[in-house]
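This report describes how the secondary structure elements of one chain are arranged, beginning with its sheet and moving on to the helices around it.

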Amino acid sequence: MIPPDTSASADDLADTPVRVAIVDDHESVLLGLKAACLEAGYEVVAVGLTVPDLIRALGTRPSDVVVLDLSIGDGLSITHNVEAALKTGASVLVHSIADRTASVREALAAGAAGVIPKSAATSTVIAAIATVAGGGVLNNVEWASAIDADAEFSRARLTARERDVLHLYAAGLPLKLVASQLGIATPTAREYLDRVRAKYVQVGRPAPTKVDLLKRAVEDGILALGENVGGR
């Protein structure tokens, strides 16, 4: 007997509001961003002045995105805060002062999905939250500036073949088609991909998932954001 399909339909998912959690130690910013999210139809599931505060407020409730300020006087490192927020199961969007490139770079290296400056228009921040909630990569001037500020950040020293494999795989092709397009065996393509992941780990930019590899490819100029390969 075939069990009933209990998965959510595309329409059901489209009707589900984006679930947002916010961390900022400036109460006026916190309340303003919360109000903007609610006006946009998002569900604000928890807020906090620090990441530990937020985690306590969240409890077991899930969120899609944690909007995180980096300049919090909590004595905790940026890496710690980003990783703690990620452990809740949400993506992390940095909402901070854009000229603090070292802090932004550390947040991106720790796994943040992108950065939006506090000087950005509210509509831009709201759109960025939606992008990150949908699993997208936020690629903007602030991200590029943080990477360009430290050349070593984007230097994984990939070979030409490793870059080719990463380019096609991150663009959306299954590994079997990547191998076919490059004229190599699928196990060989997988070996190249394993080498790519190992090299990113070596430079402190791990990429365990396909989404992570997409982010690394965009960061390093290997793949243009939105690029479509093979008509997919």
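Two strands are taken to pair when DSSP finds at least two bridges between them. In this predicted model, an open sheet of five strands follows the order β2-β1-β3-β4-β5, with parallel pairing. Strands β2 (43-48) and β5 (114-117) stand at the edges and have a single partner strand each, so one side of each is left without a neighbour in the sheet. On average, and with direction ignored, neighbouring strands are turned by 25° against each other. At one of the edges, β4 (residues 91-96) and β5 pair in the parallel sense over four bridges, and Ser 96 stands opposite Pro 117 in β5.

Two helices lie across strands of the sheet, as the table sets out.

| Helix | Strands it lies across | Angle |
|---|---|---|
| α3 (residues 51-58) | β1 (19-23), β2 and β3 (65-68) | about 135° to β2 |
| α4 (residues 78-86) | β3 and β4 | about 140° to β4 |

A further contact joins helix α2 (residues 27-39) to helix α6 (residues 122-133), which pack at an angle of about 70° with their axes 10 Å apart; the two are therefore roughly perpendicular to each other, and their crossing is right-handed. From α2, Leu 33, Ala 36 and Cys 37 meet Thr 122, Val 125, Ile 126 and Ile 129 of α6, a set of residues that divides into six nonpolar, one polar and no charged.

As for confidence, the mean pLDDT of the chain is 82, and 80% of its residues reach 70 or more. Over residues 1-13, however, the pLDDT is below 50, and this stretch has one contact in the model beyond near neighbours in sequence. Where pLDDT is low, the predicted coordinates should not be read in detail.

How values were computed. Residues numbered from 1 in each chain as written. Predicted model: local features only at pLDDT ≥ 70, side-chain atom pairs only at ≥ 80, totals over all residues. Heavy atoms only, no water. pLDDT = per-residue confidence, 0-100. Contact = heavy atoms within 4.5 Å. Axes fitted to C-alpha atoms, helices over the stretch in contact; angles between N-to-C directions. Parallel < 35°, antiparallel > 145°, perpendicular 65-115°, else oblique. Left-handed = near helix turned anticlockwise from the far one by under 90°. Nonpolar A, V, L, I, M, F, W, Y, C, P; charged D, E, K, R; others polar.
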